[in-house]
Amino acid sequence: MAAKVSVERLRGFIAAAFVALGMPEQDAGQVAALMAEADLQGSDGHGVIRLPQYARRIIAGGINLKPDIRITRERAGMALLDGDNGMGHLVMKKAAAIAIDKARNTGIAWVGSQFSNHAGPASLYARMALPHDMIGLYFAVGNANHLPPWGGLEMLLSTNPIAVAIPAGSESPVVLDMATTVAAYGKVKARAQRGEMMPEGWMMDREGRPLLDPKRADEGFLLPIGGYKGYGLSLVVGILAGTLNGAAMGREVIDFNHDDSSVTNTGQAVCMIDLSAWEDVAQFKARIDGLVRDLRESRRMPGVDRIWLPGEQSAQKRELHAREGIPLPAALIDALDKLAGELGILRLIA
């Protein structure tokens with residue numbers, strides 16, 4: 001039976017699980033906060049649903065619980081982080097903090113990572129720019145290849161997500177969070193767990209037929225956004241987040257859905273842009289507010305009730321879930337109950 005839980009309860013449960021697995025308490029709290037935030041904003045393919053998988057990797061030795069996350073190359077407006085195979089959430093939170101600090105002095109800063117791991121939804125890290133009156137960008141190589149080159153059949157590319165967070169004034173910030181495929185693989189996993197079929201256009205089998213059953217996802221591949229343009233975008237994002245950082249790309253990518261012990265060497269990057277380096281911050285935000293209203297209030301096609309801006313629906317979900325609780329499907333609760341029993345911690349829902 002599906003149920004709703006508060007974000008505080010979810011955060012505490014995740015932290016307790018990581019501590020039981022041997023993660024230092026402070027690190028466990030940071031990772032738990034980011035994972036719970038993913039569920040709070042409706043990114044249910046990247047939140048607590050990933051906890052059993054993370055636990056398997058930790059138990060198998062695939063993740064370093066006490067990493068030395070450090071800068072290995074640096075200039076005024078850039079840095080390269082070695083994540084030492086730590087949790088990706090910790091690596092990218094540190095990367096964002098370094099980029100924000102550097103951008104205050106240089107106007108713009110780019111920080112890449114190598115030897116990181118899966119870090120949840122891209123928007124978590126782009127949004128870290130917003131309280132500092134900065135624009136945040138995030139790029140990553142996905143943790144499994146589900147996309148062939150255009151016209152091919154070999155899985156050499158991944159969903160390779162992009163996120164951009166842009167501050168506004170009285171309006172909600174503009175937050176774009178997207179995979180370079182029509183759907184992120186996390187959404188496929190979430191559909192499978194809920195027992196739901198996928199819409200046509202997400203995946204195709206190797207004979208070119210639509211693949212609708214998410215439990216058969218291994219029999220096919222994700223489709224890129226915009227056809228060959230999405231393929232090109234996935235490639236370029238992978239080069240910026242992976243190859244540029246000395247991280248895995250192409251055939252080097254480890255499928256962490258089927259391999260719990262190998263080091264993934266996941267590559268990610270964040271870029272922070274300090275608005276004050278370009279113009280008065282208040283003026284910029286006022287212009288974004290005006291642009292948002294122009295778009296929202298523009299003429300609509302018949303049958304369209306509202307024009308949405310990127311990030312608005314996630315913001316509404318965040319408010320709804322904070323007020324009424326985060327909905328979790330019965331299958332996920334069962335999986336978390338099983339994990340709680342194995343780790344000797346209290347169940348999420350008593």
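The exercises below work through selected residues of a predicted model.

Residues carry numbers from 1 along each chain as its sequence is written. In this predicted model local features need pLDDT of at least 70 and side-chain atom pairs count only at pLDDT 80 or more, while totals for chains, interfaces and linings use all residues; side-chain values use heavy atoms, with hydrogens and water left out.

**Exercise 1. Asn143**

Find where Asn143 lies, decide whether Asn143 is buried or exposed, and list what Asn143 touches.

Solution.
- Step 1: Asn143 sits in the loop between strand S5 (134-140) and strand S6 (162-166). Helices (H or I, at least four residues) and strands (E, at least two) are DSSP runs, numbered from the N terminus.
- Step 2: The relative accessibility of Asn143 is 8%, so Asn143 counts as buried. The classes are buried (under 20% relative accessible area), exposed (over 50%) and partly exposed (in between), with a 1.4 Å probe and protein chains only.
- Step 3: Leaving aside residues up to four places away in sequence, Asn143 touches Asn117, His118, Ser158, Val253, Ile254, Asp255, Phe256, Thr264 and Thr266. Contact here means heavy atoms within 4.5 Å.
- Step 4: With Thr266, Asn143 also shares a side-chain polar contact of 2.7 Å. A polar contact is a pair of N or O atoms within 3.5 Å; within protein, one must be able to donate a hydrogen and the other to accept it, and residues adjacent in sequence count only if both atoms are side-chain atoms.

**Exercise 2. The nonpolar cores**

Describe the largest nonpolar core and the second, separate core.

Solution.
- Step 1: A nonpolar core is a set of buried Ala, Val, Leu, Ile, Met, Phe, Trp, Tyr and Cys residues joined through side-chain atoms within 4.5 Å.
- Step 2: The largest such core has 67 residues, and Phe18, Leu51 and Tyr138 have the most contacts inside it.
- Step 3: Helix H4 (residues 88-106) gives the largest share of this core, nine residues.
- Step 4: The second, separate core has 24 residues, including Val141, Ala168, Ala269 and Leu275.
- Step 5: Back to Leu51: not counting residues up to four places away in sequence, Leu51 touches Phe13, Ile14, Ala17, Phe18, Met35, Leu336 and Leu339.

**Exercise 3. Aromatic rings**

State how many aromatic pairs there are, and classify the pair of Trp110 and Phe139.

Solution.
- Step 1: Rings of Phe, Tyr and Trp (its six-membered ring) pair if their centres lie within 6.5 Å; planes under 30 degrees apart count as stacked, over 60 as edge-to-face and the rest as tilted.
- Step 2: By this rule there are two aromatic pairs.
- Step 3: The ring centres of Trp110 and Phe139 are 5.4 Å apart and the planes stand at 20°, so this pair is stacked.
- Step 4: Trp110 belongs to strand S4 (residues 108-116) and Phe139 to strand S5, so the pair ties together parts 29 residues apart in sequence.
- Step 5: Trp110 is partly exposed at 25% relative accessible area, whereas Phe139 is buried at 11%.

**Exercise 4. Salt bridges**

Give the number of salt bridges and compare the places of three of them.

Solution.
- Step 1: A salt bridge needs a side-chain nitrogen of Lys or Arg within 4 Å of a carboxyl oxygen of Asp or Glu. The count comes to 19.
- Step 2: In one of them, Arg70 and Asp82 have their closest N and O atoms 3.3 Å apart. Arg70 lies in strand S2 (residues 70-75) and Asp82 in strand S3 (residues 78-82), so the pair ties together parts twelve residues apart in sequence. Arg70 is partly exposed at 33%, and Asp82 is buried at 11%.
- Step 3: Arg104 and Asp101 form a salt bridge of 3.8 Å, N to O. Both lie in helix H4, three residues apart, about one turn of the helix.
- Step 4: Glu154 and Arg251 form a salt bridge of 2.9 Å, N to O. Glu154 is in the loop between S5 and S6 and Arg251 in the loop between helix H7 (228-241) and strand S11 (266-274), so the pair ties together parts 97 residues apart in sequence. Glu154 is partly exposed at 45%, while Arg251 is exposed at 63%.

**Exercise 5. Backbone angles**

State the phi values of Asp84 and Asn160 and place each residue.

Solution.
- Step 1: Most residues other than glycine have a negative phi.
- Step 2: Asp84 has a positive phi, near 55°, and lies in the loop between S3 and H4.
- Step 3: Asn160 has a positive phi, near 35°, and lies in the loop between S5 and S6. Asn160 is buried, at 0% relative accessible area.
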